[in-house]
Every structure is written in structure tokens, then in C-alpha cells.
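Let's take a walk through this protein together, one stretch at a time. Keep the viewer open beside you and turn the model as you read.

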Amino acid sequence: MTLTTQFLAMAAMILGGIYLGAAMDTLQRFKHFYRKRTLMNYTIVISFWLLQAFILFFLLYQVNYGELRFYIFLSVLCGYAAYRALFQGIYTRMLERLIRIIKALTRFFLKCFNLFMVKPIKWLWKVATAIIIWVLTLLLAGSIFVLRVLWWPLRLILRLLWKMVPENMKKYLHTLAGFYVTIKNRILKLLNLWKR
């Protein structure tokens, strides 16, 4: 391995150490979301370290085809120490500001979605149901009016027919009506007893 390749490998691993420190702070910032769930905590932490190892090795592979030397580990450690000493405060402030911006944008887009999508749909639904109820009420009122109009001449015709019915038949019909009312009352009493 040439001296230039070694220098590039060291520089890449120092940058990798800085990246590793930033990634660890980012993971620590979001720890409260998964800390109480033990299985999820272990899964996320193990996945995080496997991903970081893959990223660092991929970076090393791009520079020197993945040859590991002792100074590579020292370079990562130096990069991590440099991050802790020089960049941690700046990065955490930037991370917090970015989180606030994302939260504000999320709230803004949710309010816009609510204002331009949800509220108009709710308003249209209310208008549509009001129109449907009004039309059904109008149809019902019209039907009742038509039935009353039709019932009036029918009632006159039935009265005339009733006057033409012989007296013997009227007595029989009255007896039959009384029998029907008696059966109806008994059925209603049974139903009331059964409901109790």
C-alpha cells in the first residue's frame, strides 16, 4: 500500500469517526421513543452498530480495498475524539434546530391538509346530508298530501257504499270487527308480558 493510499485511508477514517460521533448523538437524541421497549431497544441498537460497521468498512473499501491496519482504528478514534471536542455542540444545536423545523413544517402541512382537505369534505358532507334530508322531507310531505287528496274521494265513496250495505251485513261486520279487536288486544297483552 502506498503512502498516499495510507494517508487517504487515515483521512477517510477520521471523517468516519466524526460521522460515527454524530450518528451516536442522533441515536441518543431519539432514544426516548424506544428506550422503554426492551426488545425494540436491543433491535435498534444492534441494527445501528451493524449499519455503522458496514458504512465504515464500505468507506475503507473505497479507499484501500478494505485492508485493516492498526492505524485505521486509531484514525476512527481520533475522528471520534475530534467530534466530541470540536463539533458536538455545533451538531447538537443544528440537530435540535432541524427537529424544530421539521416539527413546525409537519404541523403546518397537517393544518393545511386539515384546512384544504378535511374541512371542505366535512362541509360538503354536511351540505349533502342536509340536501338529502330536505328532499326526503319534501317527498314525504308531498306523498302525505297526495294520499290525503286521494283519501278524501275514496272516503266519500266508501261512505256511500256503507249506506248501501244491508243492515244484516252491517251487524255481521260489526261483530267481526269486535272479534278482530279482541284478538288484537290479547296479542298486544301477550307481547307486553313477553317484553317484561
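What follows is a tour of the helices, with stops at some of their residues and contacts.

A word on confidence comes before anything else. This is a predicted model, and its average pLDDT is 86, with 93% of the residues scoring at least 70. Confidence varies from element to element: helix 3 has the highest mean pLDDT, 91, while helix 4 (residues 167-195) has the lowest, 73. Please keep that in mind when you look at helix 4, whose mean pLDDT is the lowest among the elements of the protein.

Start with helix 1. It has 27 residues, and from its first C-alpha to its last it reaches 39 Å, close to the 39 Å expected at 1.5 Å a residue. Which residues of helix 1 are buried? They are Ala-9, Ala-12, Met-13, Gly-16, Gly-17, Leu-20, Gly-21, Ala-22, Ala-23 and Asp-25. You will find alanines and glycines in that list, along with Met-13, Leu-20 and an aspartate, Asp-25.

Not every residue of this helix is hidden. Phe-7 also belongs to helix 1, which covers residues 3-29, yet Phe-7 counts as exposed because its relative accessibility is 58%, and exposed means over 50%. If you look for Val-63 from here, you will find its C-alpha 9.7 Å from that of Phe-7, although the two residues are 56 apart in sequence.

Asp-25 deserves a closer look. It sits in helix 1, and its relative accessible area is 11%, so it falls under the 20% cut-off and is buried. What does Asp-25 touch, leaving aside its neighbours within four places in sequence? Its contacts are Tyr-83, Arg-84, Gln-88, Tyr-91, Thr-92 and Leu-95.

Two of those partners, Tyr-83 and Tyr-91, will come up again among the aromatic pairs. Before that, take a look at Arg-29 and Phe-30: Arg-29 lies over the face of the Phe-30 ring, at 5.7 Å from the ring centre.

Now move on to helix 2, residues 38-64. At 1.5 Å a residue its 27 residues should span 39 Å, and its end C-alpha atoms are indeed 39 Å apart, so the expected and modelled spans agree. The buried residues in helix 2 are Asn-41, Phe-48, Gln-52, Leu-56, Leu-60 and Asn-64. Right after the helix comes Tyr-65, which has a positive phi, near 60°.

Tyr-65 leads us to the aromatic rings. How many aromatic pairs does the structure hold? There are six. In one of them, Tyr-61 and Tyr-65 meet edge-to-face, with 6.0 Å centre to centre and 90° between the planes. Tyr-61 has 42% relative accessibility and so counts as partly exposed, whereas Tyr-65, at 66%, counts as exposed. Another edge-to-face pair joins Tyr-83 and Tyr-91, where the centres are 6.2 Å apart and the planes make an angle of 65°. Here Tyr-83 is buried because its relative accessibility is 1%, while Tyr-91, at 24%, counts as partly exposed. Both of these tyrosines are in contact with Asp-25.

Next comes helix 3, residues 70-164, where you can find Ser-75. This serine has a relative accessible area of 3% and is therefore buried. Not counting residues up to four places away in sequence, Ser-75 touches Met-10, Met-13 and Ile-14. One of these partners, Met-13, is among the buried residues of helix 1.

Further along helix 3 is Val-118. Its relative accessible area is 27%, so Val-118 is partly exposed. Compare its position with that of Ala-12: the two C-alpha atoms are separated by 50 Å, and the residues are 106 apart along the chain.

Finally, a stop for anyone thinking about cysteines. How many disulfides does the structure hold? The count is zero. As for the cysteines themselves, Cys-78 is partly exposed because its relative accessible area is 47%. Cys-112 counts as partly exposed too, at 22% relative accessibility.

Conventions:
Residues are numbered from 1 along each chain as its sequence is written. This is a predicted model: local features need pLDDT of at least 70, side-chain atom pairs count only at pLDDT 80 or more; totals for chains, interfaces and linings use all residues. Side-chain values use heavy atoms; hydrogens and water are left out. Helices (H or I, at least four residues) and strands (E, at least two) are DSSP runs, numbered from the N terminus. Buried means under 20% relative accessible area, exposed over 50%, partly exposed in between (1.4 Å probe, protein chains only). The expected span of a helix is 1.5 Å times one less than its number of residues. A disulfide is a pair of cysteine sulfur atoms within 2.5 Å. Rings of Phe, Tyr and Trp (its six-membered ring) pair if their centres lie within 6.5 Å; planes under 30 degrees apart count as stacked, over 60 as edge-to-face and the rest as tilted. A charge sits over a ring if NZ of Lys or CZ of Arg is within 6 Å of the ring centre and within 35 degrees of the ring normal. Contact means heavy atoms within 4.5 Å. pLDDT is the predictor's confidence in each residue, from 0 to 100.
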